[in-house]
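Colleague: Please show me the model with its ligand. I would like to go through the binding site.

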Amino acid sequence: MSQTRQDWERRARELRIETRAFIDGHYRAAVEGDTFDCQSPIDGRSLGQVASCGVADAELAVQVARERFESGVWSRLAPVKRKQVMIRFAEQLEAHREELALLETLDMGKPITDALKVDIPAAARAIRWSGEAIDKLYDEVAATPHDELGLVTREPIGVVAAIVPWNFPLLMACWKLGPALAAGNSLVLKPSEKSPLTAIRVAQLAVEAGIPAGVFNVLPGYGHTVGKALALHMEVDCLVFTGSTRIAKQLMIYAGESNMKRVWLEAGGKSPNIVFADAPDLQAAAEAAASAIAYNQGEVCTAGSRLLVENSIKDDFVARVVEALKTWEVGCPLDPATKVGALVDKQQMETVLGYIEAGHRDGAKLLCGGQRLLEDSGGTYVAPTLFDGVDNAMKIAREEIFGPVLSVLGFDSDEEAVRIANDTPYGLAAGVWTSNLSRAHRVAKALRAGSVWVNQYDGGDMTAPFGGFKQSGNGRDKSLHAFDKYTELKATWIKL
Ligand code: NAD
């Protein structure tokens with residue numbers, strides 16, 4: 001049954017929000033009793049006092065996770081049994097999708113329609129896909145001499161700590177939970193302090209689905225407290241992270257300073273979206289370019305934040321993008337018609353507005369947006385913004401803004417397009433629009449990015465590995481490649 005804004009607001013008022021940490025199958029306050037105020041960016045209302053975990057909580061959760069791993073209750077369960085539990089876990093997410101979508105929207109400001117139709121179903125898919133895969137992954141027998149047997153096997157790595165961001169809170173967590181749990185590891189999840197609520201809620205759903213208590217624990221809290229404690233912990237075998245490049249680098253240092261735990265990083269981006277004059281459908285390309293910066297308020301690691309347009313069509317094309325951006329209206333995220341919600345918090349809004357100022361200062365030409373909206377609501381809304389006349393050396397072209405601010409740059413040749421596209425410390429994703437098959441392949445090969453989309457933006461599903469080149473990270477989420485992060489490879493050589 002379709003629901004109105006009033007329905008969602010009523011449900012929001014009636015919602016009982018769990019705010020405690022989840023360790024060993026139970027909700028509990030932080031050991032030191034600390035909390036932080038969780039505010040909704042929709043209107044600044046307080047959603048609750050969330051447990052602010054620290055070193056003592058990390059100690060407890062890692063100890064439980066280690067003990068449960070060694071017990072074999074999950075790690076040595078037959079893959080087919082783990083599969084069944086993971087599928088039940090996915091079904092739990094689906095059964096609670098409205099509650100989870102509402103929590104996600106209240107917590108981080110994304111439109112309820114997106115949370116309901118994109119985030120939660122995709123999170124459930126990630127869990128189900130990984131679960132379904134686990135009893136279809138075979139190990140290897142090496143090509144040995146006749147009197148020896150060489151086995152090449154994959155084993156769960158042990159205790160995994162997962163530290164995730166706030167832009168797709170549950171989905172980013174599930175890209176890691178899926179393969180990590182399916183492979184038999186124990187896990188401690190630290191959600192972002194800006195959006196901890198769905199992670200806290202799904203811990204209970206996991207236990208109800210049959211994941212043994214203590215195998216999956218959730219510690220809400222700040223990065224510099226509980227995040228750092230996990231990253232430095234000697235009993236954490238593997239640290240998986242999605243977040244900024246700055247923190248990703250810090251985590252590599254923590255691993256080096258502690259036990260050389262494996263560190264897998266999904267970090268920032270400044271992705272180029274390249275439109276050639278021979279694009280098959282310029283209108284479709286313009287609409288995709290608008291979506292690539294306005295969707296999820298531009299708070300997307302793969303946002304197409306640098307739009308590179310061949311100069312011969314640039315003025316016409318940019319006019320189409322500006323028109324398309326007008327359809328991305330900003331509004332209350334609880335209204336099912338809203339396409340652009342609130343930025344995650346005041347700090348992020350100030351950051352985005354600061355970049356808009358930098359665009360003006362550096363001489364870029366504002367063609368739409370550029371200001372805060374709906375200030376009276378008490379929320380943090382910024383209009384989708386487009387700057388033309390951007391040079392790739394400008395701050396708005398170099399740094400990840402993580403908001404709805406698009407920079408447009410012109411080019412005259414394939415070589416120039418590729419040079420500008422690759423002139424960035426990042427390498428997460430890129431788009432290429434052309435009807436010329438050879439050009440599509442040539443340019444896609446030349447782009448230093450983990451995902452390249454041709455004649456579309458942001459394609460792919462659980463079958464496609466996702467991750468970055470250069471300072472966008474290492475390792476891959478999604479697909480069977482994701483299991484590499486959560487397993488150790490063992491060679492067993494037997495003399496017959
Ligand atoms: P962030 O790096 O500030 O925080 C990410 C997580 O790290 C949070 O949980 C935070 O509490 C924690 N953290 C912060 N300091 C820490 C420390 N010293 N030790 C341990 N943990 C610490 O990033 P963010 O603002 O939450 O998210 C936005 C960033 O995430 C953007 O750069 C975006 O590109 C990136 N991102 C990347 C992908 C990807 O798949 N590559 C996907 C989504 C978001």
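**The ligand site**

Colleague: How far is an oxygen atom of the ligand from an N or O atom in the side chain of Glu 193?

Modeller: This is a predicted model, where local features need pLDDT of at least 70, side-chain atom pairs count only at pLDDT 80 or more, and totals for chains, interfaces and linings use all residues. Residues are numbered from 1 along each chain as its sequence is written, and side-chain values use heavy atoms, with hydrogens and water left out. A polar contact is a pair of N or O atoms within 3.5 Å. For Glu 193, the distance to a ligand oxygen atom is 2.7 Å.

Colleague: What is the distance from an oxygen atom of the ligand to an N or O atom in the side chain of Ser 244?

Modeller: The side chain of Trp 166 has an N or O atom 2.9 Å from a ligand oxygen atom. For the side chain of Ser 244, the value is 2.6 Å.

Colleague: Where does the ligand lie relative to domain 1 (5–267) and domain 2 (272–461)?

Modeller: The domain bounds come from an automatic or database domain assignment. Domain 1 and domain 2 both give residues to the shell around the ligand, so the ligand lies between them.

Colleague: How many residues surround the ligand?

Modeller: A residue counts if one of its heavy atoms lies within 4 Å of the ligand. The closest include Val 164, Ala 267 and Glu 400, and the number of surrounding residues is 29.

Note on methods:
A polar contact is a pair of N or O atoms within 3.5 Å; within protein, one must be able to donate a hydrogen and the other to accept it, and residues adjacent in sequence count only if both atoms are side-chain atoms.
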